[in-house]
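Colleague: Could you take me through one part of this model at close range? I would like to follow a single chain and see how it meets its partner.

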Amino acid sequence: MQLRKQIHNLLLAVLTTAGLQAGSAFAHGVSEVMDVQGDDAAFTALARVTCFNDGNGEAAYLMSRIRDKSPAIPGLLVTVHILKGGRAINATDTSPGDADYSVWAALPGGNGVYLLMLTKTAAGARAFDLEWHCMTADNVHTGTDILVDQYD
Amino acid sequence: MNTQVFKRASMTAALLASAAFVQSAMAHTVLEVSSLAEATRAYNNVVIGHACGTTPVMGASVVFPDGASSIIKVNGQIHNGPLTDFVSNWGPSISVVQSNELFSESGVKRGPTGNIVGFWAGGGDVLSPDMIGRLPFRVNAVNIAPSSCATSVVFRVAIVDVCEITSASELQAGGHDGAPVGLWTMAGLGTPYDAASDNAARLTINRNTTSNPLPAACGNGVSVEVQPSAEQILRDMPIVTGGVQIWPEL
């Protein structure tokens with residue numbers, strides 16, 4: 001059991017790194033920053049995450065969390081939303097500018113395609129880190145792919 | 001990284017082309033795995049089958065349909081709706097494997113939202129005309145939309161084997177055995193990269209009718225084909241590295 005936990009933690013560490021690299025794709029040239037001009041309260045990022053069995057097991061849920069790295073501004077928060085099959089959930093980084101992520105948002109939707117959306121509450125550039133992982137019912141990481149549909 | 005990537009290869013190409021025993025395997029450039037089930041990942045290769053006549057291949061440019069501007073055909077007829085009518089998650093759904101086993105340099109091509117839409121490789125050694133070459137990538141899980149009637153979706157992958165650095169206007173010169181490139185692309189798009197006939201490689205995603213059964217109203221279902229648009233080919237086929245286009249020559 002301890003070995004399994006160690007493997008799980010190692011996988012998460014590796015995948016966290018992979019996630020941050022994939023985050024560059026979100027940024028589309030402005031690495032991991034939303035609303036670079038700082039004037040678009042409606043800035044939204046939208047992606048499709050596919051959860052599938054890559055050999056580690058059938059996906060049970062998608063989880064995601066976000067870390068807002070920019071200095072705190074009153075009234076300006078970033079949120080990650082997950083949507084699938086008529087259900088949705090979200091998590092907000094309520095302490096921008098520190099090292100802490102938001103809590104995990106987890107949506108149980110099984111295998112398939114989830115929508116992952118990032119929003120913020122006001123105009124202002126926000127540098128962020130985002131993680132997303134498809135997980136089995138036993139909380140083992142399983143097949144996770146992402147495509148970006150919108151970043152504006 | 002600059003045009004030296006290909007200039008070094010040109011010297012080796014000249015030596016190989018002058019060899020008396022140069023042979024041509026006369027096999028098309030295709031994908032090693034041309035068909036797989038939906039919702040599965042598979043490692044794959046672009047397989048370069050032969051030289052441009054007797055001129056060895058020094059690099060290749062590969063473009064997958066982006067799914068946004070793509071031409072969609074259903075049982076051979078143009079479909080004017082979005083690709084999501086048939087596929088839930090194509091953007092396209094590939095990852096590129098870093099490798100210098102064949103060529104020394106490579107890079108990804110990204111579309112407007114940052115998704116990988118293709119890749120290129122070149123430089124270092126050229127591909128010996130009597131051998132085949134492989135360029136590795138991964139096909140990520142592709143899901144056929146449960147509500148669609150698609151039994152399979154074929155993605156046509158446009159590939160150009162580069163044997164000689166020329167401008168875009170010179171790509172069509174020389175005919176099949178004397179051209180500076182091998183055009184494994186679609187015909188009739190009106191781009192400099194068009195083939196004489198539809199020669200683009202095929203990647204077929206087959207519906208898993210056990211886990212994703214056809215809706216009852218679908219009957220035997222339909223076959224879908226997705227092709228890169230002219231707009232995408234013009235945008236994505238050139239090889240650009242470090243902000244500089246190194247092929248075709250400008």
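Modeller: Happy to! From the N terminus on, chain A runs α-β-β-β-β-β-β-β-β-β, which adds up to 1 helix and 9 strands. Please keep in mind that this is a predicted model. Chain A has 152 residues, and 39% of them count as buried. If you take the contacts in chain A between residues at least 6 apart in sequence, 75% join residues at least 24 apart.

Now to the side that touches chain B. Here 17 residues of chain A are in contact with 12 residues of chain B. Four elements of chain A each supply at least two residues to that side: the helix α1 (2-27) and the strands β2 (45-52), β7 (112-120) and β9 (141-151). The largest share, 7 residues, comes from β9(A). By character, the residues on this side of chain A divide into 7 nonpolar, 6 polar and 4 charged.

Over in chain B, strand β13 (residues 201-206) is worth a look too. Its side chains alternate: Ala201(B), Leu203(B) and Ile205(B) point to one face and are buried, whereas Arg202(B), Thr204(B) and Asn206(B) point to the other and are not. Two strands of chain B pair with β13(B). With β2 (residues 35-37) of chain B the sense is parallel, over 3 bridges, and Leu36(B) stands opposite Ile205(B). With β11 (residues 150-162) of chain B the sense is antiparallel, over 6 bridges, and there Thr204(B) is the bridge partner of Val154(B).

Technical notes:
Residues are numbered from 1 along each chain as its sequence is written. Chains are lettered from A and ligands numbered from 1 in the order in which they are written. This is a predicted model: local features need pLDDT of at least 70, side-chain atom pairs count only at pLDDT 80 or more; totals for chains, interfaces and linings use all residues. Two residues are in contact if their C-beta atoms, placed from the backbone, lie within 7 Å. Ala, Val, Leu, Ile, Met, Phe, Trp, Tyr, Cys and Pro count as nonpolar, Asp, Glu, Lys and Arg as charged, and the others, Gly among them, as polar. A residue is buried if 20 or more other C-beta atoms lie within 10 Å of its own, exposed if 12 or fewer, and partly exposed in between; C-beta atoms are placed from the backbone. Two strands pair if DSSP finds at least two bridges between them.
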